[in-house]
Amino acid sequence: MSRVLGAGGDGSERSATTFAKNHERSRYVASMTSANPTHRVVVIGGGFGGLQAVKALARTDVQVTLIDRHNYHLFQPLSYQVATGGLAPSDIAMPLRHVFRKQKRVTVLMGEVTALELERRQVVLRGEGAAETLAIPYD
């Protein structure tokens, strides 16, 4: 069953600009080999839709990868509170890795999605350097 999910509407579907450190990426790629018996799902965007999709999928027997350009989820309905000094910016932004810290089958990556290779079932990411790319497989 092939799925590529994306969050929409809140601007989180925009591409990300940085990756996790090299050792984290190599560990991630090694865990996503084709020998892995569970399904692999990629969710693009850590907005409201992306968070809900990952939370729902985290309760199933799938390996979920969340890709976003930021390492946090911004609760935009309270932005006016920050602008008026009622809240600190850290009060409306939650790190994505913190949200899913107890979910062993959820991996959060930061990067810019440059392509969806449908025939190869891969999501291609680009890091800050133009030569730095990573292909994330999905089922």
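**Notes on a predicted single-chain model**

1. Let me start with the surface. The accessible area of the chain is about 8000 Å², and carbon and sulfur atoms hold 53% of that. Please keep in mind that this is a predicted model. Of the 139 residues in the chain, 38% are buried.

2. On to the fold. The chain has 4 helices and 9 strands, and their order along the sequence reads β-α-β-α-β-β-α-β-α-β-β-β-β. If we take the contacts with a separation of 6 or more, 61% of them link residues 24 or more positions apart.

3. A good place to look next is the largest nonpolar core, which has 13 residues. The residues with the most contacts inside this core are Val43, Val54, Leu57, Val64, Leu66, Phe100 and Val106. At least two core residues come from each of β2 (39-44), α2 (48-58), β3 (62-68) and β6 (106-110). The biggest share is that of α2, with 4 residues.

4. You may also want to display a second core, which lies apart from the largest one and has 9 residues. Val123, Leu125, Leu134 and Tyr138 are among them.

5. Now for β3, which I would examine with some care. All told, 7 of the 7 residues of β3 are buried, so the strand is largely enclosed by the rest of the structure. As a reminder, side chains in a regular strand alternate between the two faces of the sheet. In β3, one side carries Val62, Val64, Leu66 and Asp68, while Gln63, Thr65 and Ile67 sit on the other, and both faces are covered.

6. Which residues does Val64 touch, leaving aside those up to four places away in sequence? The list is Val41, Val43, Val54, Leu57, Arg105, Val106 and Thr107. Val43, Val54, Leu57 and Val106 also appear, with Val64 itself, among the residues with the most contacts inside the largest core.

7. The strand pairing is worth following on screen too. β2 and β3 run parallel and are joined by 6 bridges; within this pair, Val43 has Leu66 of β3 as its bridge partner. β3 also pairs with β6, again in the parallel sense, over 5 bridges, and here Asp68 stands opposite Met110 in β6.

8. Finally, a point on handedness. Is the β-α-β unit made by β2, α2 and β3 right-handed or left-handed? In this model β2, α2 and β3 form a right-handed unit. These elements are familiar from point 3, since β2, α2 and β3 each supply at least two residues of the largest core.

How values were computed: Residues are numbered from 1 along each chain as its sequence is written. This is a predicted model: local features need pLDDT of at least 70, side-chain atom pairs count only at pLDDT 80 or more; totals for chains, interfaces and linings use all residues. Side-chain values use heavy atoms; hydrogens and water are left out. Buried means under 20% relative accessible area, exposed over 50%, partly exposed in between (1.4 Å probe, protein chains only). Contact means heavy atoms within 4.5 Å. Accessible areas come from the Shrake-Rupley method with a 1.4 Å probe; for residues, only the protein chains shown count as cover. A nonpolar core is a set of buried Ala, Val, Leu, Ile, Met, Phe, Trp, Tyr and Cys residues joined through side-chain atoms within 4.5 Å. Two strands pair if DSSP finds at least two bridges between them. A crossover is right-handed if, with the strands pointing away from the viewer, the path from the first strand over the helix to the second runs clockwise.
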